[in-house]
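Student: Could you take me through one part of this structure slowly, showing how each statement about it is reached? I would like a single connected account rather than a list.

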Amino acid sequence: MFEKFHFKIFFIGIFVFFFPFFVSAQTQIFTVDDSYDLFGRKQLEAELIRTTPNLHVYVEKNWWESRTAQEQNDLRIALAELGLEFQNSIYPVLTSTFGLEPNPGVDQDGRITILVHQMGGEAGGYFRTSDFYERSISPFSNEREMVYLNSKYIGKPDVKSFLAHEFTHLITVNQKDLLRRVSEEVWLNEARAEYAPTLLGYDTLYKGSNLERRVRDFLEEPSNPLTEWLNQPEDYGAVNLLAQYLVDHYGVQILVDSLQSSDVGIASINAALRKNGFQKDFREVFQDWAVTVLVNDCSLGERYCYKNPRLKDLRIT
């Protein structure tokens with residue numbers, strides 16, 4: 001395993017320096033969300049570090065230039081690995097499940113832009129719906145299909161889950177806002193995005209996973225209202241665990257059909273349940289889930305437990 005690991009790093013290092021999609025530095029000014037940015041900035045300059053068949057990867061210029069040569073090389077390798085993960089797993093799995101993102105989109109470029117910059121707190125990343133429209137409609141748009149990732153997670157296992165989460169939002173913008181002219185309710189939008197790492201298998205190793213983090217967030221504030229979204233960790237914990245329950249008992253198609261619907265929120269879940277032949281509505285499903293997080297015991301009835309073995313010990317105490 002140790003030798004294979006070093007061979008992998010060596011190969012990726014060669015890939016980074018000689019692969020023809022590697023791009024010399026170009027700079028671009030981007031509008032960013034000041035509520036996420038570490039310094040409260042509304043704009044920053046970024047360098048184009050690499051381009052692949054389906055990605056443009058920019059990195060905040062000041063942060064990048066403050067890294068040592070060795071750190072920059074390590075970051076190039078990490079970004080190369082992330083690009084391969086996106087190309088081979090994240091993109092094909094999520095688009096074949098939920099549908100396509102805007103493509104080629106407002107910039108007429110089929111590639112997704114990733115902007116890596118310094119963020120405050122524990123945020124893994126974010127996206128901006130305004131980016132998907134021309135500036136004549138949305139003055140602060142970057143006019144790209146893009147997501148933003150926190151620089152401190154580059155090279156760490158978490159970054160795959162964060163990219164999968166944010167890319168699911170891009171798909172949602174296309175399936176709801178652009179194709180059906182409706183805007184998804186935030187809690188359900190986030191629920192699907194939170195389930196994406198599980199769908200991709202990133203939560204299989206529970207320790208250190210996004211799922212473990214969301215269980216912890218939920219248990220710290222289990223009475224948090226599901227649909228009252230304040231963008232707090234407990235909000236993400238609640239929608240993640242509801243999504244896990246929905247898929248456990250009704251299948252991932254419930255999330256898919258509710259996305260590919262002109263309804264939003266609870267109404268879209270009800271329509272998806274009916275479409276898949278279930279007699280229950282969201283109110284009943286929610287009640288069953290509320291009992292499950294209290295008892296989580298299959299002996300009391302299959303509907304009162306999680307089937308995911310990683311959640312077998314989940315209970316509100």
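Tutor: Let us begin with a term: a residue is called buried when its relative accessible area is under 20%, exposed when that area is over 50%, and partly exposed in between. Glutamine 244 has a relative accessible area of 2%, and it is therefore buried. Please keep in mind throughout that this is a predicted model, so every value here is computed from predicted positions.

Glutamine 244 belongs to helix H7, and that helix is the part we shall look at closely. Helix H7 runs over residues 233–250, and at 1.5 Å a residue its 18 residues should span 26 Å, which agrees with the 26 Å that separates its end C-alpha atoms. The expected span is obtained by multiplying 1.5 Å by one less than the number of residues. Of the 18 residues of H7, 15 are buried, so this helix is largely enclosed by the rest of the structure. Just after H7 comes glycine 251, whose phi is positive, at about 90 degrees.

What lies around glutamine 244 itself? Leaving out residues up to four places away in sequence, glutamine 244 touches Tyr195, Thr198, Leu211, Tyr306, Asn308 and Leu311. A further pair of positions shows how the chain comes back on itself in space: glutamine 244 and glutamate 194 are 50 residues apart in sequence, while their C-alpha atoms are 9.1 Å apart.

Glutamate 194 leads us to helix H5, because it is one of the residues of H5 that make the contact with H7. In general, two packed helices are described by the angle between their axes and the distance between the axes. For H5 and H7 the angle is about 70 degrees and the axes are 8 Å apart. Angles of 65 to 115 degrees count as roughly perpendicular, and H5 is therefore roughly perpendicular to H7. The crossing in which H5 passes H7 is right-handed. On the H5 side the contact is made by Trp187, Glu190, Ala191, Glu194, Tyr195 and Thr198, and on the H7 side by Tyr236, Val239, Asn240, Leu242, Ala243, Gln244 and Val247.

H5 also packs against helix H9, which covers residues 265–275; here the axes come within 8 Å and cross at roughly 55 degrees. This angle makes H5 oblique to H9. The residues that meet are Trp187, Leu188 and Arg192 in H5 and Gly265, Ile266, Ser268 and Ile269 in H9. Trp187 thus appears in the contact with H7 and again in the contact with H9.

Now turn to helix H6, residues 210–220, in which Asn210, Leu211, Arg213, Arg214, Val215, Asp217 and Phe218 are buried. The elements covering these buried residues include H4, H5, H7 and helix H10, which spans 282–295. Asparagine 210 is a useful residue to follow within H6, and its relative accessibility of 4% is the reason it counts as buried. Not counting residues up to four places away in sequence, asparagine 210 touches Ser161, Glu194, Pro197, Asp203 and Asn240. Two of those names take us back to the packing of H5 and H7, since Glu194 of H5 and Asn240 of H7 are both in that contact. The side chain of asparagine 210 also makes a polar contact, at 2.9 Å, with the side chain of arginine 213. Asparagine 210 and phenylalanine 162 are 48 residues apart along the chain, and their C-alpha atoms are separated by 8.7 Å.

Finally, consider the loop that leads into H5 from H4, the one between residues 158–178 and residues 186–199, where arginine 181 lies. Most residues other than glycine have a negative phi. Arginine 181, however, has a positive phi near 60 degrees. With a relative accessible area of 67%, arginine 181 is exposed, whereas glutamine 244, where we began, is buried at 2%.

Note on methods:
Residues numbered from 1 in each chain as written. Predicted model: local features only at pLDDT ≥ 70, side-chain atom pairs only at ≥ 80, totals over all residues. Heavy atoms only, no water. Helix = DSSP H or I, 4+ residues; strand = E, 2+ residues; numbered from the N terminus. Buried < 20%, exposed > 50% of the residue type's maximum accessible area, 1.4 Å probe, protein only. Axes fitted to C-alpha atoms, helices over the stretch in contact; angles between N-to-C directions. Parallel < 35°, antiparallel > 145°, perpendicular 65-115°, else oblique. Left-handed = near helix turned anticlockwise from the far one by under 90°. Contact = heavy atoms within 4.5 Å. Polar contact = N/O pair within 3.5 Å; in protein donor to acceptor, adjacent residues only side chain to side chain.
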